[in-house]
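Welcome! Have the model open and turn it as you read, so that each step below can be followed on the screen.

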Amino acid sequence: MTERALSLFDDAAVVQAGQFAAQCREIEEEANSLLVDEAGSIRANEILGQVATVKKEAEKIRTSLVKPLNDRVKEINSAFKSALAPLNNADKTLRGKLLDLHREQERRRREEEERVRKLLEEEQKKREAEAKEKNKPVPPPPPIVVEAPPPIVSIKTDSGTTSIRKVWDWELVDINEVPREWLILNDKAVNAAVRTGIRNIPGIRIFEREQIAVRGR
């Protein structure tokens, strides 16, 4: 859709909205000043019918103006989503491989640290036994020095920098144990249930209320 076409849509929308705006203000002013008694109720009904009709006409025109734009937006979004899909797949794949490498490096480091710790622990026991035999002070244990390199947490290249950091995340284990303040009522499901005739839902009061129904011409 060309820029000229978009401007035509904009111009049409402004003109159409302006025409409805004046009419809507007149209706609002009359509604505000109308005394709704037994005699005025007839006029109130007429105004409500007029409101429904104007809203219906306005919505029809608004929809006709925005539908081509919405359709075009969907086309553009779909085209870019399809075009970028391989990039998103590559992003996910490489992130997973880097994390796997990081975890493997961390695993090897922990294993080496544990191996060195056990060796030093055995060595310290021997030193303590020798010191006890010679009635000498027990020497302090030597520090644990791990030769395995630490996991790579940052990689800098000409195209950018990749870093690995820890973040807090969550997953649902048992919804029955989740405190109430973290739950949201599914009002759409409740509305649908009430409309289909359900009249008893624990914790919810279902009742009838009066409502004015208006249908325009």
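Let us begin in helix α2, with R107 and E111. These two are four residues apart in that helix, so about one helical turn separates them. Find both side chains in this predicted model, and you will see that R107 forms a salt bridge with E111, with 2.5 Å between the closest N and O atoms. Some background helps here: side chains of opposite charge can pair when their charged atoms come close.

How open to the surroundings are the two partners? R107 has a relative accessible area of 32%, so R107 is partly exposed. E111 counts as partly exposed too, because its relative accessibility is 45%. The pair also belongs to a wider arrangement, since a network of salt bridges links E104, R107, R108 and E111.

Now look for other charged pairs in helix α2. R109 and E106 are three residues apart in the helix, so about one helical turn lies between them. Their side chains meet in a salt bridge, with 2.8 Å from N to O. R103 and D100 are also three residues apart in helix α2, and therefore about one helical turn separates these two. The side chains of R103 and D100 meet in a salt bridge at 3.5 Å, N to O.

Is R103 buried or exposed? The cut-off for exposed is over 50%, and R103 has a relative accessible area of 51%, so R103 is exposed. Its partner D100 has 49%, so D100 counts as partly exposed. Looking at the whole structure, you can count 16 salt bridges.

With those pairs in mind, step back to the overall plan. The chain has three helices and two strands. Following the sequence from start to end, you meet them in the pattern α-α-β-β-α. Helix α1 covers residues 3–33, and helix α2 covers residues 40–133.

Where do these helices come together? One place to look is E30, which lies in helix α1. Setting aside neighbours within four places in sequence, E30 is in contact with R43 and I47. E30 and I47 are 17 residues apart along the chain, and 8.5 Å separates their C-alpha atoms. E30 has a relative accessibility of 28%, so E30 counts as partly exposed.

Next, move to T53, which is found in helix α2. Is T53 buried or exposed? T53 has a relative accessible area of 6%, and because buried means under 20%, T53 is buried. Its side chain reaches the backbone oxygen of G49 at a distance of 2.9 Å.

For a contrast, go on to L87, another residue of helix α2. L87 has 56% relative accessibility, so L87 counts as exposed. L87 is part of a nonpolar patch on the surface, together with I76, F80 and L84. The four residues of this patch have about 390 Å² of accessible area together.

Now for the strands. Strand β1 (residues 154–157) and strand β2 (residues 160–163) run antiparallel and are joined by four bridges. How many residues lie between β1 and β2? There are two residues between these strands, and β1 and β2 form a hairpin. You can trace the pairing on the screen: S154 has S163 as its bridge partner in β2, while T157 has G160 as its bridge partner in β2. As a general point to keep in mind, side chains in a regular strand alternate between the two faces of the sheet.

Finally, consider the chain as a whole. It has 217 residues, and 10% of them count as buried; T53 is one residue that is buried. The chain exposes about 19,500 Å², and carbon and sulfur atoms supply 55% of that area. There is also a figure for how distant parts of the sequence meet: among contacts in the chain with a separation of 6 or more, 55% are between residues 24 or more positions apart.

To revisit the tour, go back to the R107 and E111 salt bridge, then look at the contacts E30 makes with R43 and I47, and end at the hairpin formed by β1 and β2.

Terms used
Residues numbered from 1 in each chain as written. Predicted model: local features only at pLDDT ≥ 70, side-chain atom pairs only at ≥ 80, totals over all residues. Heavy atoms only, no water. Buried < 20%, exposed > 50% of the residue type's maximum accessible area, 1.4 Å probe, protein only. Contact = heavy atoms within 4.5 Å. Patch = residues over 30% accessible without salt bridge, like charges linked within 9 Å, V, L, I, M, F, W, Y side chains within 5 Å. Areas by Shrake-Rupley, 256 points an atom, 1.4 Å probe, with all protein chains shown as cover. Pairing = 2+ DSSP bridges. Polar contact = N/O pair within 3.5 Å; in protein donor to acceptor, adjacent residues only side chain to side chain.
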